Amino acid sequence: MNDEDDHSDDSFFGHGTHGAGVIDAERDGLGVVGVAPEAELYGVKVLDGDGFGSVDWIIAGIEWAVFNGVDIINMSLTGPDRQALREACEQARNRGILLVAA
């Protein structure tokens, strides 16, 4: 991960915020509700605001999720195919974590 103090979605497209809303929007009487409004979400930022980063940042995010016992990791990103990344994904899967990638 990139060790920024501000973990808000600063991406140009707001993709993380949009995805979180689809998942976890609360039933608030405005007509929109997420698919899992009772879910607990964690924003694990692995790319900068322009959508760039390193494989090491992605791996660190996966490792954080494994260490903190999340159930699902959503990864809407692309990057190079690296053995270390495959191993991090396999470690998460072996811990029973569902990985979803766009």
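This report covers the fold, two helices, two partly exposed residues and one pocket of a predicted model.

**Basis.** Residues are numbered from 1 along each chain as its sequence is written, and side-chain values use heavy atoms, with hydrogens and water left out. Because the model is predicted, local features need pLDDT of at least 70 and side-chain atom pairs count only at pLDDT 80 or more, while totals for chains, interfaces and linings use all residues.

**Overall fold.** The chain has 3 helices and 2 strands. Their order along the sequence is α-α-β-α-β. Helices (H or I, at least four residues) and strands (E, at least two) are DSSP runs, numbered from the N terminus. Of the 102 residues, 21% count as buried. Buried means under 20% relative accessible area, exposed over 50%, and partly exposed in between (1.4 Å probe, protein chains only). Take the contacts between residues at least 6 apart in sequence: 56% of them join residues at least 24 apart. A contact here means heavy atoms within 4.5 Å.

**Two helices.** The expected span of a helix is 1.5 Å times one less than its number of residues.

| Helix | Residues | Length | End-to-end C-alpha distance | Expected span |
|---|---|---|---|---|
| α2 | 55–67 | 13 residues | 18 Å | 18 Å |
| α3 | 83–94 | 12 residues | 16 Å | 16 Å |

**Helix α2.** The buried residues of α2 are Val55, Ile58, Ile59, Gly61, Ile62, Ala65 and Val66. They share one side of α2, because their arc around the axis is only 155°. The arc is that of the directions from the helix axis to the C-beta atoms. Asp56 and Phe67 are exposed on the other side of α2. The buried residues of α2 pack against β1 (72–75) and α3. Gly69 follows α2 and has a positive phi, near 70°.

Trp64 also sits in α2. Its relative accessible area is 29%, so Trp64 is partly exposed. Its C-alpha lies 8.2 Å from that of Val44, and the two are 20 residues apart in sequence.

**Helix α3.** In α3, Leu85, Ala88 and Ala92 are buried. Their arc around the axis is only 60°, which puts them on the same side of α3. An α-helix has 3.6 residues a turn, so residues three or four places apart point the same way. Gln83, Arg93 and Asn94 are exposed on the other side of α3. The cover over the buried residues of α3 includes α2, β1 and β2 (98–101). Just after α3, Gly96 has a positive phi of about 85°.

Cys89 belongs to α3. It counts as partly exposed because its relative accessibility is 22%. Leaving out residues up to four places away in sequence, Cys89 touches Ile62, Met75 and Leu99. The C-alpha atoms of Cys89 and Leu99 are 7.5 Å apart, with their positions 10 residues apart along the chain.

**Second largest pocket.** A pocket is found on a 1 Å grid over the protein atoms alone, as an open set of points where a 1.4 Å probe fits, with protein on both sides within 12 Å along at least five of seven lines. The second largest pocket holds about 170 Å³ of space. Its lining comes to 13 residues, with Met75, Leu77, Gly79, Pro80 and Leu85 nearest the centre. Lining residues have an atom within 4 Å of a point. Helix α3 gives the most to this lining, with 3 residues. By class, the lining has 8 nonpolar, 2 polar and 3 charged residues.

How values were computed:
Points joined across faces, edges and corners; volume = space filled by probe spheres on them. Nonpolar A, V, L, I, M, F, W, Y, C, P; charged D, E, K, R; others polar.
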